[in-house]
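This briefing introduces a protein model to a reader who is new to structural description. Please look over the sequence and the structure before reading the points that follow.

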Amino acid sequence: MTQTGRPRGFDTQQALDRAMEVFWRHGYEGASLTELTAAMGINKPSLYAAFGNKEGLFRKVVARYADVEMAYARDALDQPTAQEVAAVLLRENVVALTRPDRPAGCLSVQGGTACGTENTAISEFLAASRLTGEQALAARFARAVDEGDLPPAVDPTALARFLSVVTEGHAVHAAAGVGRSQLEQSAEIALRAFTAAAYLTA
């Protein structure tokens with residue numbers, strides 16, 4: 001009799017974590033259902049019953065990734081000054097991209113950058129997810145302006161975009177094999193550039 005429900009002992013969070021690594025390493029299109037179900041320890045009917053389809057699973061995985069693997073970004077937003085926000089974000093981003101127990105790079109960057117036209121929705125979904133993070137950062141810098149931490153002439157959106165460009169670029173380089181020490185160097189350069197743009201604005 002074909003199994004159509006979840007297997008006994010099915011742990012949704014554990015299954016998502018295992019699927020995350022497959023998507024992280026291979027991207028959305030590169031991750032096959034066979035690889036995903038093998039990693040998750042379930043069969044295809046169980047995957048469909050639990051997540052709907054591959055896209056549904058991927059969206060759940062990205063949410064799990066943001067919640068667990070990108071906790072440092074939320075920590076950065078909670079810092080008391082814009083300078084500390086940028087420092088924590090840049091430095092902890094490098095650590096997250098180069099952990100030896102995780103695939104190199106960032107799931108939200110490399111998960112769907114090479115999707116074909118039939119999977120345009122995946123690329124758009126990931127782009128929207130990244131933009132949400134950038135907007136949260138811009139809102140934090142706008143608050144810093146209101147609080148007098150940043151000068152009135154500062155453009156919070158431009159600062160947030162700059163940091164997003166740097167961290168996403170670091171993700172691409174990490175996935176290509178660039179090591180932590182090299183990325184730390186560019187993070188410190190970016191932090192100096194952020195300080196000049198944010199605090200030395202006329």
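A helix is here a DSSP run of type H or I with at least four residues, and helices are numbered from the N terminus. The model is predicted. The protein contains ten helices and zero strands. Its C-alpha atoms fill a box of roughly 75 × 35 × 35 Å along the principal axes.

**Overall organisation**

- Along the sequence, the elements follow the pattern α-α-α-α-α-α-α-α-α-α.
- The protein has 202 residues, of which 42% count as buried.
- Among contacts with a separation of 6 or more, 68% join residues that are 24 or more positions apart.

**The annotated region**

- The unreviewed UniProt entry places a feature named "DNA-binding region" at residues 32-51.
- Over residues 32-51 the chain is 80% helix and 0% strand.
- The C-alpha atoms at the two ends of residues 32-51 are 15 Å apart.

**Glu35 in helix H2**

- Glu35 belongs to helix H2, which spans residues 33-40.
- Glu35 has a relative accessibility of 33% and therefore counts as partly exposed, since the partly exposed class lies between 20% and 50%.
- When residues up to four places away in sequence are not counted, Glu35 touches Val22, His26 and Gly30.
- Glu35 and Ala19 are 16 residues apart along the chain, and 8.6 Å separates their C-alpha atoms.

**Aromatic pairs**

- The count of aromatic pairs in the model comes to six.
- One of them joins Phe23 and Phe58 in an edge-to-face arrangement, with 4.9 Å from centre to centre and 75 degrees between the planes.
- This pair links distant parts of the chain, as Phe23 lies in helix H1 (residues 12-30) and Phe58 lies in helix H4 (residues 54-68), 35 residues apart.
- Both Phe23 and Phe58 are buried.
- Phe58 also pairs with Phe125: the ring centres are 6.4 Å apart and the planes stand at 75 degrees, so this pair is edge-to-face.
- The pair of Phe58 in helix H4 and Phe125 in helix H8 also links distant parts of the chain, with their positions 67 residues apart.
- Phe125 is buried, as is Phe58.
- Phe23, Tyr28, Phe58 and Phe125 form one aromatic cluster.

**Helices H6 and H8**

- The axes of helix H6 (residues 82-97) and helix H8 (residues 120-146) come within 10 Å and cross at roughly 155 degrees.
- H6 and H8 are therefore roughly antiparallel to each other, because angles over 145 degrees fall into that class.
- On the H6 side, Ala82, Val85 and Leu89 take part in the contact, and they meet Leu137, Arg140, Phe141 and Ala144 in H8.
- The residues of this contact divide into six nonpolar, no polar and one charged.

**Glu134 in helix H8**

- Glu134 is found in helix H8.
- Glu134 is buried, because its relative accessible area is 16% and the buried class lies under 20%.
- Apart from neighbours within four places in sequence, Glu134 is in contact with Ala160, Arg161 and Ser164.

Conventions:
Residues are numbered from 1 along each chain as its sequence is written. This is a predicted model: local features need pLDDT of at least 70, side-chain atom pairs count only at pLDDT 80 or more; totals for chains, interfaces and linings use all residues. Side-chain values use heavy atoms; hydrogens and water are left out. Axes are lines fitted to C-alpha atoms, for helices over the stretch in contact, and angles run from 0 to 180 degrees between N-to-C directions. Angles under 35 degrees count as roughly parallel, over 145 as roughly antiparallel, 65 to 115 as roughly perpendicular and the rest as oblique. Contact means heavy atoms within 4.5 Å. Ala, Val, Leu, Ile, Met, Phe, Trp, Tyr, Cys and Pro count as nonpolar, Asp, Glu, Lys and Arg as charged, and the others, Gly among them, as polar. UniProt positions are given in the numbering used here, feature names are shortened, and annotations may be inferred rather than shown by experiment. Rings of Phe, Tyr and Trp (its six-membered ring) pair if their centres lie within 6.5 Å; planes under 30 degrees apart count as stacked, over 60 as edge-to-face and the rest as tilted. Buried means under 20% relative accessible area, exposed over 50%, partly exposed in between (1.4 Å probe, protein chains only).
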